[in-house]
Amino acid sequence: MNKLKKDVVIVTGAANGIGRAVARAYGENGCAVVLADMDEVRGEQVASEWRAEGHDVCFVRTDVTQEKDIIHLVELTRSTYGTINVLINNAGISEFKPLLECSVDDWDRVMNTNVRSTFLCSKEASKVMRENEGGGAIVNIASTRAIMSEPHSEAYAASKGGIVALTHALAASLSEYNITVNAVSPGWIETGNYSELREVDHQQHFAKRVGKPNDVAKACMYLTAADNDFVTGMNLIVDGGMTRKMIYEE
């Protein structure tokens, strides 16, 4: 991987799954990493384990639906490390309900957690990043569900589509501060027991395998690498070719 010029990284939703893998990748590349998550027990456990391995990491309990929590996260990161160079907006929820049973509260919960939080975290972090001589980088974790759907996914699909649109809008607004903003849209990323997947699952992909959390981490590392200041406003699809594979049911 390319050497990172950016060394203070916030990852939201970092206690488990994709967020944990992304945070781990930055830590292993010498970055100071701030883990933000609502799961205080798991977050503290992960941070403690990584510190024992010699990584510079801390955990901040953060409910990304609460503006005050996001402001606290950014202020604490700045007071601890002096700056913020990379923000990975990974926190999100998926909630699938039949359209006729999806309430306004259900809709708002998904949109607030996924889209509103991305806006607020980016807004607050960029206030710090703009003071950096080299700017900064933001990566928003979207989904291939922004461009393809199955029934009963209206709120989730809309939220991920919103993140993709928000990404290029932020890229335009923050360009004057040398802050790049990109999205990563994962496809099928298995965060459970990979060994339990079937061969038919893997064969749905051109890559002949289902994705792993580290595949997303590699994409984030690429988009925030020191020599990668020319890619901004883009949505990088990381799905092993699944959304480009033509499948006919027989």
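About 30 Å³ of space lies in the largest cavity of this predicted model, and the structure holds one cavity of 30 Å³ or more. The largest pocket, by contrast, has a volume of about 1200 Å³, and 42 residues line this pocket, with Ile-18, Ser-94, Ser-143, Tyr-156 and Lys-160 the closest to its centre. The points below take up the cavity and the pocket, then strand β6 and helix α7, and finally two individual residues, Asp-69 and Phe-119.

**The largest cavity**

- The residues that line the largest cavity are Glu-95, Lys-97, Leu-99, Cys-102, His-152, Glu-154 and Ala-155.
- Sorted by class, the lining of the largest cavity comprises three nonpolar residues, one polar residue and three charged residues.

**The largest pocket**

- With a volume of about 1200 Å³, the largest pocket draws two or more lining residues from each of the elements α1 (17–28), β2 (32–37), α4 (104–129) and α5 (154–174).
- Among the elements, α1 gives the most to the lining of the largest pocket, and its share is three residues.
- By class, 17 nonpolar, 19 polar and six charged residues make up the lining of the largest pocket.

**Strand β6 and its partner β5**

- Strand β6 covers residues 179–186, and because eight of its eight residues are buried, the strand is largely enclosed by the rest of the structure.
- Ile-179, Val-181, Ala-183 and Ser-185 point one way from β6, while Thr-180, Asn-182, Val-184 and Pro-186 point the other way, and the residues of both sets are all buried.
- That arrangement follows a general pattern, since in a regular strand the side chains alternate between the two faces of the sheet.
- Strand β5 (residues 136–141) runs parallel to β6 and is joined to it by six bridges, and in this pairing Asn-140 stands opposite Ala-183 of β6.

**Helix α7**

- Helix α7, which spans residues 213–223, is mostly covered, as eight of its 11 residues are buried.
- The buried residues of α7 are Pro-213, Asp-215, Val-216, Ala-217, Ala-219, Cys-220, Met-221 and Leu-223.
- These buried residues of α7 pack against helix α1 and against the strands β4 (86–89), β5, β6 and β7 (235–238), so that β6, itself largely enclosed by the rest of the structure, is among the elements that they meet.

**Asp-69 in helix α3**

- Asp-69 has its place in helix α3, which runs over residues 67–81, and because its relative accessibility is 13%, below the 20% under which a residue is called buried, Asp-69 counts as buried.
- A polar atom of the Asp-69 side chain lies 2.9 Å from the backbone nitrogen of Asp-63, and the side chain of Asp-69 is also joined to the side chain of Lys-68 by a polar contact of 3.2 Å.
- When its neighbours within four places in sequence are left aside, Asp-69 is in contact with Arg-61, Thr-62 and Asp-63.

**Phe-119 in helix α4**

- Phe-119 has its place in helix α4, and because its relative accessible area is 41%, which falls between the 20% limit for buried and the 50% limit for exposed, Phe-119 is partly exposed.
- From C-alpha to C-alpha, Phe-119 and Pro-213 are 24 Å apart in space, and they are 94 residues apart in sequence; Pro-213 is one of the buried residues of α7.

Notes: Residues numbered from 1 in each chain as written. Predicted model: local features only at pLDDT ≥ 70, side-chain atom pairs only at ≥ 80, totals over all residues. Heavy atoms only, no water. Helix = DSSP H or I, 4+ residues; strand = E, 2+ residues; numbered from the N terminus. Buried < 20%, exposed > 50% of the residue type's maximum accessible area, 1.4 Å probe, protein only. Polar contact = N/O pair within 3.5 Å; in protein donor to acceptor, adjacent residues only side chain to side chain. Contact = heavy atoms within 4.5 Å. 1 Å grid on protein atoms, 1.4 Å probe; cavity = no way out; pocket = protein on both sides within 12 Å on 5 of 7 lines; lining within 4 Å. Points joined across faces, edges and corners; volume = space filled by probe spheres on them. Nonpolar A, V, L, I, M, F, W, Y, C, P; charged D, E, K, R; others polar. Pairing = 2+ DSSP bridges.
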